[in-house]
Amino acid sequence: MTKAFYSSGDVIADRRADYARMLADQGDHQAASELMEQALEIAPDWAAGWDLAGGYHQKAGNIAAAIAAWRRLEALDDDGVFGARLKLAAHNAGPAGEGTAVGYVEALFDQYAAKFEDALVGKLGYRVPDLLDDLVGAEMQRLGIAGFERALDLGCGTGLMGEKLRAKVGHLEGVDISAAMIAETARKGIYDSLQKAELVATLNSRRADADLVTAADVLIYCGALQPILAALLPAMRPGGLVAFSLEAHDGDEELFLRPSLRYAHGVEAARKALLLAGLEILRFETAVLRFDRGAPITGILVVARRPPVELTAANDAVEGGDVAA
């Protein structure tokens with residue numbers, strides 16, 4: 001993650017760090033890392049400086065030095081905004097932990113908000129809202145759904161998914177962990193309401209009031225699917241739809257953390273998680289979601305449904321069926 005430059009509090013350390021950034025911009029990451037180490041000798045408790053040093057070491061190919069810098073960073077960054085734990089995990093130097101790294105993701109998108117659409121759509125060929133919207137539209141037609149009464153767009157960002165949903169939804173609510181993202185999308189007037197909140201906490205606070213839930217390029221920052229799906233189901237009305245994307249991999253692992261600090265989910269593991277959560281899979285497809293450094297990023301596109309009628313032993317008894325002991 002490219003961070004805004006925070007002063008170390010020492011003029012000489014700041015000057016050396018500034019020169020280091022100039023060298024890095026010119027592609028000389030080895031020299032940049034050496035200058036940052038000099039700056040950190042002067043300001044050893046400067047968290048942002050250790051983040052810069054780790055990044056320069058990584059780009060110079062000095063992974064051991066990068067890991068050492070991130071360990072120092074982890075000890076200094078109580079709120080986790082620099083993502084040291086994730087960086088260590090991505091290089092097999094520590095556990096990724098469970099759930100969203102809230103501090104890191106919030107800081108990432110607060111910084112990214114102003115240039116989000118230009119970078120993601122204009123430069124990286126981002127297609128997820130279009131792809132999910134096409135799948136939802138096809139299922140609406142197949143199921144005879146004219147529109148949705150209440151939809152929840154998780155990780156709404158700047159409203160790219162919301163723009164696609166607006167004509168299909170009576171009341172559209174957007175939720176995002178980043179205040180800067182919320183501010184960007186508020187200017188567009190897409191949503192009926194906006195809330196700054198973490199995804200699982202949002203779902204846990206509601207009960208069966210959404211007939212559509214979307215999460216476009218959101219769960220890639222959240223890790224394991226099971227806790228999210230467990231919170232999702234009670235927040236949806238019976239018969240309600242959920243549409244989301246994941247980054248995919250074909251290995252045996254349920255998920256792993258990529259160097260991009262985004263999670264990739266196993267295709268079969270994701271399918272199994274949906275079924276175990278009690279969702280009915282309507283669409284489950286792979287597609288290129290966008291490009292990253294010129295390489296295509298393959299992902300999973302899902303549309304699933306909370307069953308309209310949930311069969312229980314009590315229901316079976318009422319209808320005259322046999323109840324298992």
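Are arginine 290 and glutamate 247 buried or exposed? Both residues are buried. The model in which they sit is predicted, and this report covers its salt bridges, cavities, two helices and two residues with positive phi.

**Salt bridges**

Side chains of opposite charge can pair when their charged atoms come close. Across the whole structure, a search finds 23 salt bridges. Three of them are set out below.

| Pair | Closest N to O distance |
|---|---|
| Arginine 290 and glutamate 247 | 2.4 Å |
| Glutamate 184 and arginine 187 | 2.6 Å |
| Arginine 290 and aspartate 217 | 2.8 Å |

Arginine 290 appears in the table with two partners, glutamate 247 and aspartate 217. In the salt bridge between arginine 290 and aspartate 217, the N to O distance is 2.8 Å. Arginine 290 belongs to strand S8 (residues 280–292), while aspartate 217 is in the loop between strand S4 (210–215) and helix H12 (226–235), so this pair ties together parts that are 73 residues apart in sequence. Arginine 290 has a relative accessible area of 3%, and therefore counts as buried. Aspartate 217, at 13% relative accessibility, is also classed as buried.

The salt bridge from arginine 290 to glutamate 247 brings the closest N and O atoms to 2.4 Å. Here too distant parts of the chain are linked: glutamate 247 is in strand S5 (residues 236–249), arginine 290 is in strand S8, and the two are 43 residues apart.

These residues belong to a network of salt bridges that links Asp217, Glu247, Arg258, Arg262, Arg290 and Asp292.

Glutamate 184 and arginine 187 form another pair, with 2.6 Å between the closest N and O atoms. Glutamate 184 has 23% relative accessibility, which means that it counts as partly exposed. Arginine 187 has a relative accessible area of 61%, so it is exposed.

**Cavities**

Rolling a probe the size of a water molecule over the atoms shows where empty space is left. In this model there are 2 cavities of 30 Å³ or more.

The largest cavity has a volume of about 60 Å³. Its lining consists of Leu154, Leu199, Val213, Thr214, Ala215, Leu219, Ile228, Leu229, Leu232, Val242, Ala243 and Phe244. Two or more lining residues come from each of S4, H12 and S5. Sorted by class, the lining of the largest cavity contains 11 nonpolar residues, 1 polar residue and no charged residues.

The second largest cavity holds about 30 Å³ of space. Around the second largest cavity are Leu225, Gln226, Glu254, His265, Ala269, Ala270 and Ala273. Helix H13 (residues 267–277) supplies the largest share of this lining, with 3 residues. By class, the lining of the second largest cavity has 4 nonpolar, 2 polar and 1 charged residues.

**Helices H2 and H3**

Helix H3 (residues 47–59) has 13 residues, which at 1.5 Å a residue should span 18 Å; the C-alpha atoms at its ends are 19 Å apart, in agreement. H3 is mostly covered, with 11 of its 13 residues buried. Among the buried residues of H3 are Trp50, Asp51, Leu52, Tyr56 and His57. The buried residues of H3 pack against four helices, namely H1 (11–25), H2 (29–42), H4 (63–76) and H5 (84–90). After H3 comes glycine 61, which has a positive phi near 90°.

H2 has 14 residues, which at 1.5 Å a residue should span 20 Å; its end C-alpha atoms lie 20 Å apart, in agreement. The buried residues in H2 are His29, Ala31, Ala32, Ser33, Leu35, Met36, Ala39 and Leu40. H1 and H3 are included in what covers the buried residues of H2.

**Positive phi outside glycine**

Most residues other than glycine have a negative phi, and most peptide bonds are trans. Asparagine 92 is not a glycine, yet its phi is positive, about 55°. The loop between H5 and helix H6 (102–112) contains asparagine 92. With 75% relative accessibility, asparagine 92 counts as exposed.

Aspartate 217 also is a residue other than glycine with a positive phi, near 55°. Its place is the loop between S4 and H12. Aspartate 217 is buried, with a relative accessible area of 13%, and is part of the salt-bridge network described above.

Conventions:
Residues are numbered from 1 along each chain as its sequence is written. This is a predicted model: local features need pLDDT of at least 70, side-chain atom pairs count only at pLDDT 80 or more; totals for chains, interfaces and linings use all residues. Side-chain values use heavy atoms; hydrogens and water are left out. A salt bridge is a side-chain nitrogen of Lys or Arg within 4 Å of a carboxyl oxygen of Asp or Glu. Buried means under 20% relative accessible area, exposed over 50%, partly exposed in between (1.4 Å probe, protein chains only). On a 1 Å grid over the protein atoms alone, a cavity is a set of points where a 1.4 Å probe fits but cannot get out, and a pocket is an open set with protein on both sides within 12 Å along at least five of seven lines; lining residues have an atom within 4 Å of a point. Grid points are joined across faces, edges and corners, and a volume is the space filled by probe spheres set on the points. Ala, Val, Leu, Ile, Met, Phe, Trp, Tyr, Cys and Pro count as nonpolar, Asp, Glu, Lys and Arg as charged, and the others, Gly among them, as polar. The expected span of a helix is 1.5 Å times one less than its number of residues. Contact means heavy atoms within 4.5 Å.
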